[in-house]
Amino acid sequence: MSAGLSLRGLSKAYVPGKPVLRDITLDFAPEGVTAIIGPSGTGKSTLIRCINRLVEPSGGQVLLDGQDLVPLRGRELRLARRRIGMVFQEYNLVERLSVMENLLSGRLGYVPLWRAWLRKYPAEDIARAFELLDAVGLPDHATRRADALSGGQRQRVGIARALMQRPALLLADEPTSSLDPRTAVEVMELLTTLTQREQVPVIINIHNVELAKRYCGRIIGMHQGAVVFDGPPEALEASHLQLIYGGEGWQE
Amino acid sequence: MTRTAFTPNWTARGALLALALYCVFAVTQLDISWARILTGFGEGGRFLARMWPPNFERWDTLVEGMLESIQIAVLSSVAGIILSLPLGLMAARNLSPAWVSAPVRGFIALCRSLHYVIVAILFVKAVGFGALAGVAALTVASMGFIAKLFAEAIEEISMKQVEAVRATGAGPAGVLLYGVLPQVASRFVGFCIYQLDSNLRNSTLVGIVGAGGIGGTLFAAFKRFDYDFVAAILLSIIALIFLAELVSARVRKALQ
């Protein structure tokens, strides 16, 4: 029984015979930020989604604190999912709901349905939501509708929603790819400091190698569904990037 | 050498010619002659003259019939909407598995396939004369209509929002409440108002086949040649529909 997340021989093929993930075995410490880098279509998103089972793995194990999530179904799966927060590339906020409702939707795995329906959330959940709104720098936005926010603001709400779950693990799928460079840095900064403060380990899919090196303690490079680099940012060299992304001319 | 900028569409030209020829053929087949049209208009003039002035003397019968129509419309709309919610959800191909959505779609199509007057006749034969048959017939018609619209609205939602709610560990009902409902709620309300609107209209007709409401009164007045009372009924129906139109336009505007 080890704390944190472990992947054992994880594989996924959407079409039989064409694996997107090939036999991934990785261990993640229960703290710190890990970046997964790699070209588009190399299975980074699939890998992240296999962890919280938004995508069904074809084989292997996903062990969270020693419990294999792959065979879970129904209620057990939902109990496991509520411990895993997720931040999305396109924020995936419920556009027609208020910021507060979006945050509280992070508690849907915990509160009874009638409470969620009537918006009668426990006072501590609401207090926590306000606390997180302050933390992500949107103290006055609780009653704004999500579709009235800018991209950067939406992603801040997305981060707050994920943290509302009090997750044991946070997954981020290209959280900065839809943002302008400056907002991307701000969001990365926020994501890493907040999760550090709350001691939540993070796994981030990210396109931007510079951001990955700057904010992440560990970098995993993927190429064609397999891990080809795994180490601290300092160890990541041009030769590794060639291995991950292929070619060479683009690096100058 | 001349170049052609536009290619002639011979298929369309041929189809238009065929349509024109068919119309001429149909007119001769149905014995619609100039003389027939003239006598028809003459009769129509006399008919209109007998309708004027509208006779509101039997206003109590009129009001009774109108109220029954309104009750039929409201009851059938409410029942139709309540039944359409689960049907629409089950028929949505993005949320329901094919073995559920396909038969439900079939059922909805069945509800739509027969005109509501035919359904009303069937119900009159099955459950007897009166408002119950009208309510049942219009409920079926409403289901066929709004369940389909509900399903289409659900199929157009963004699955990203649904995925995000699912990722929080929410159960199926939680996903519906937070991921699906907010995306479709305002459109659903619009459909419901539209349906109430058209049920008001439809409820004035089902009475003609004995399914309750003002239509029965209207049909009886026709049969007794009380054309001035017919005029009064028609004016009342028009007023009701206009009023409903105004109210629903208001509500729909408020929703946006």
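Buried here means under 20% relative accessible area, exposed means over 50%, and partly exposed is whatever falls in between (1.4 Å probe, protein chains only). This is a predicted model, where local features need pLDDT of at least 70, side-chain atom pairs count only at pLDDT 80 or more, and totals for chains, interfaces and linings use all residues. Residues are numbered from 1 along each chain as its sequence is written, chains are lettered from A and ligands numbered from 1 in the order in which they are written, and side-chain values use heavy atoms, with hydrogens and water left out.

**View 1. A:Pro19 sits in a loop of chain A.** The loop in question runs between β1 (5–12) and β2 (21–28) of chain A; helices (H or I, at least four residues) and strands (E, at least two) are DSSP runs, numbered from the N terminus. Because its relative accessible area is 36%, A:Pro19 counts as partly exposed. Leave out residues up to four places away in sequence, and A:Pro19 touches A:Lys12 and A:Ala13, with contact meaning heavy atoms within 4.5 Å. For a sense of scale, A:Pro19 and A:Gln199 are 34 Å apart, C-alpha to C-alpha, and 180 residues apart in sequence.

**View 2. Chain B meets chain A.** On the chain B side 19 residues are in contact with 28 residues of chain A. Together the two chains bury about 2000 Å², 62% of it on carbon and sulfur atoms; buried area is the accessible area (1.4 Å probe) that two parts lose on being put together, summed over both. The rule finds nine residue pairs in polar contact across this interface, both residues at pLDDT 80 or more. A polar contact is a pair of N or O atoms within 3.5 Å; within protein, one must be able to donate a hydrogen and the other to accept it, and residues adjacent in sequence count only if both atoms are side-chain atoms. On the side of chain B that touches chain A, the elements giving two or more residues are α7 (159–167) and α8 (172–203) of chain B. The biggest giver is α8(B), with eight residues. By residue type, that side of chain B splits into nine nonpolar, seven polar and three charged. In this scheme Ala, Val, Leu, Ile, Met, Phe, Trp, Tyr, Cys and Pro count as nonpolar, Asp, Glu, Lys and Arg as charged, and the others, Gly among them, as polar.

**View 3. A salt bridge joins B:Glu163 and A:Arg49 across the interface.** The term covers a side-chain nitrogen of Lys or Arg within 4 Å of a carboxyl oxygen of Asp or Glu. For this pair the N to O distance is 2.9 Å. The interface has two salt bridges by that rule. A:Arg49 and B:Glu163 are also linked with A:Asp173 in a network of salt bridges.

**View 4. Two salt bridges tie together distant parts of chain A.** A search of the whole structure finds 24 salt bridges over all chains. One of them pairs A:Glu174 with A:Lys44, the closest N and O atoms being 3.8 Å apart. Here A:Glu174 is in the loop between β7 (169–173) and α7 (181–197) of chain A, while A:Lys44 is in helix α1 (residues 44–51) of chain A, 130 residues apart. Both A:Glu174 and A:Lys44 are buried. Then there's A:Glu198 with A:Arg128, whose closest N and O atoms are 2.8 Å apart. A:Glu198 lies in the loop between α7 and β8 (202–205) of chain A, and A:Arg128 in helix α5 (residues 123–135) of chain A, 70 residues apart. A:Glu198 is partly exposed because its relative accessibility is 24%, whereas A:Arg128 is buried because its value is 5%.

**View 5. B:Arg201 and B:Asp197 pair up within helix α8 of chain B.** They sit four residues apart, about one turn of the helix. The closest N and O atoms of this salt bridge are 3.7 Å apart. B:Arg201, at 37% relative accessible area, is partly exposed, but B:Asp197, at 7%, is buried. Helix α8 of chain B also holds B:Ser203, which is buried because its relative accessible area is 0%. Setting aside neighbours within four places in sequence, B:Ser203 is in contact with B:Ser69, B:Ile72, B:Ala73, B:Leu138 and B:Gly212.
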